Amino acid sequence: LGNEVNVTLYSPPLPEFDYSMVVIFLIAVFTVALGGYWSGVAELENLKAVASPGERETRWKKEENVTFTPVTVILFVVICCVMLVLLYFFYKWLVYVIISVFCLASAMSLYNCLAALIGEIPFGQCRITCSNKTIEVRLIFLAIFCIAAAVVWAVFRNEDRWAWILQDILGVAFCLNFIKTLKMPNFKSCVILLGLLLLYDVFFVFITPFITKNGASIMVEVAAGPFGNSEKLPVVIRVPRLEHSASTLCDLPFSLLGFGDIIVPGLLVAYCRRFDVQTRSSSIYYISCTIAYAVGMVLTFIVLALMKMGQPALLYLVPCTLITSSLVAWRRKEMKKFWKGSNYQVGWRP
C-alpha cells in the first residue's frame, strides 16, 4: 500500500428542510383546531342550559371551566417566569416534579378527552352503585387505561425509539383539555395574555444569552436539559427527525414544539369559536384564526430553516392570530363587542 494511507469519512449533507416539521405542523394545527371546536361545543351547551331553567343547575355542576381575568393573566405570566428561572437553577430536582405533574395532568386530560367521545356512544352504559353514587363501568375501565398509559410513559420515558409517540398522545390530550377548560372572557384578556407571553418567549430565548455565564438561552437550556442532564422536560411535542445523516446512526435527534406554542394561541382560537357560537357568525372568526395559526407555524419553520437556530414560535404565531382576529372583527364592525366579550362569557351564576 505504500508509506501513506488516506482514510476519508463521508457524511451526506443535511437537507435544508426536515420532514418531521410537517408532522409537528399537522399535530399543532389539529390540536388547536379541535380544542377550539370543543370549546365551542361546550359554549353551545352552556347557552342551551341557560335558556332552559330545568338544566341550569345540572349544567353548572358539570361545568369545569376556569375563566381568566386580566389580573389572573398577569399572575399566570409571572408564575411562568418564576418557574422557568427555578428550573434553570434547580433543574436536577424540579424536573421530577414536572414529570410527576405531567403524568397526573395528562392522565386526567386523556380521560376527559376519551370520556367525551365515549359519551356519544349510545350503548354499553352499564352502571354500578357505590355510596349512593352511580358510575358507568366503561368509565372505570377508561380511567384505569388512562392511568396505565401515563405510568407506562413514566417508566419508559427515556426509550427514544417509541416513547415519544406516547408522550405526544398524552401531550395532545393535555393541550386539548387545557384549551377547552381555560376560558378567555374577552379579546382584551387574549391580547394581554398573548402579548405578555410573546415578550416572555422573546426575552428568555434572545435576551438571556447576554446574561448567562455560558452565553446560552435559558429557554433552550431548560428545554434541552441544562448541564447535559439526561432527563428532559415532558412539555413538548417530540418527533424524530426524518433526515438521513451520520448523527441519526448513533443518536435519534428530535424536532420539538413546546406545549405553550399550542395552548397560548389555542386559547384565542377557542375564544373566537365561542364568540362565533354566541353571535351565530358562521365560524368566520374560528376558521380565520385557525388559518392564521397555520400560517404562523409555516412562517416559524421558514425562519427556523433559514437561521438554523431555535426560535420563539410565539414571535410569529401571536401577531398572525391577533392581527387576523382584529381585522375580521373590524371588517364585520364587531370590534367593540369582540373586545369586551359577551355578558354571558363571564359565566352564569345561580
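Helices (H or I, at least four residues) and strands (E, at least two) are DSSP runs, numbered from the N terminus. The structure is a predicted model, in which local features need pLDDT of at least 70 and side-chain atom pairs count only at pLDDT 80 or more, while totals for chains, interfaces and linings use all residues. Residues are numbered from 1 along each chain as its sequence is written, and side-chain values use heavy atoms, with hydrogens and water left out.

**Exercise 1. Asn186**

Task: State where Asn186 lies and whether Asn186 is buried or exposed.

Solution.
Step 1. Asn186 belongs to the loop between β4 (182-183) and α6 (187-207).
Step 2. Three classes are used: buried means under 20% relative accessible area, exposed over 50%, and partly exposed in between (1.4 Å probe, protein chains only).
Step 3. Asn186 is buried because its relative accessibility is 13%.
Step 4. A polar atom of the Asn186 side chain lies 3.4 Å from the backbone nitrogen of Lys188.

**Exercise 2. Arg138**

Task: Describe the surroundings of Arg138.

Solution.
Step 1. Arg138 is located in helix α4 (residues 137-155).
Step 2. With a relative accessible area of 16%, Arg138 is buried.
Step 3. A polar contact is a pair of N or O atoms within 3.5 Å; within protein, one must be able to donate a hydrogen and the other to accept it, and residues adjacent in sequence count only if both atoms are side-chain atoms.
Step 4. The side chains of Arg138 and Glu136 are joined by such a contact, of 2.5 Å.
Step 5. Gln125 is 13 residues from Arg138 along the chain, and the C-alpha atoms of the two are separated by 7.1 Å.

**Exercise 3. Salt bridges**

Task: State how many salt bridges the whole structure holds, and describe three of the pairs.

Solution.
Step 1. A salt bridge is a side-chain nitrogen of Lys or Arg within 4 Å of a carboxyl oxygen of Asp or Glu.
Step 2. A search of the whole structure finds four salt bridges.
Step 3. One of them joins the side chains of Lys183 and Glu43 (3.3 Å, N to O). This pair links distant parts of the chain, since Lys183 is in strand β4 and Glu43 in helix α1 (residues 20-51), 140 residues apart. Both Lys183 and Glu43 are buried.
Step 4. Asp160 forms a salt bridge with Arg238, with the closest N and O atoms 3.3 Å apart. Here too distant parts of the chain are linked: Asp160 is in the loop between α4 and α5 (163-181), Arg238 is in strand β5 (residues 236-240), and the two positions lie 78 residues apart in the numbering. Asp160 is partly exposed, at 26% relative accessible area, whereas Arg238 is buried, at 12%.
Step 5. Arg332 and Glu334 meet through their side chains in a salt bridge (3.3 Å, N to O). Arg332 counts as partly exposed at 36% relative accessibility, while Glu334 is buried at 18%.

**Exercise 4. Aromatic rings**

Task: State how many aromatic pairs the structure holds, and classify the pair of Phe102 and Trp153.

Solution.
Step 1. Rings of Phe, Tyr and Trp (its six-membered ring) pair if their centres lie within 6.5 Å; planes under 30 degrees apart count as stacked, over 60 as edge-to-face and the rest as tilted.
Step 2. The structure holds 15 aromatic pairs.
Step 3. Phe102 and Trp153 are 5.1 Å apart, centre to centre, with 70° between the planes, and the pair is edge-to-face.
Step 4. Because Phe102 lies in helix α3 and Trp153 in helix α4, the pair ties together parts that are 51 residues apart in sequence.
Step 5. Phe102 is buried, with a relative accessible area of 5%, and Trp153 is buried, with 2%.
Step 6. An aromatic cluster is formed by Phe187, Tyr271, Phe275, Tyr285, Phe338 and Trp339.

**Exercise 5. Cysteines**

Task: State how many disulfides are found, and explain why Cys81 has no such bond.

Solution.
Step 1. A disulfide is a pair of cysteine sulfur atoms within 2.5 Å.
Step 2. A search of the whole structure finds zero disulfides.
Step 3. Cys81 has no such bond because the closest cysteine sulfur, in Cys80, is 6.9 Å from the sulfur of Cys81, which is too far.
Step 4. Cys81 is partly exposed, with a relative accessible area of 24%, whereas Cys103 counts as buried at 14%.
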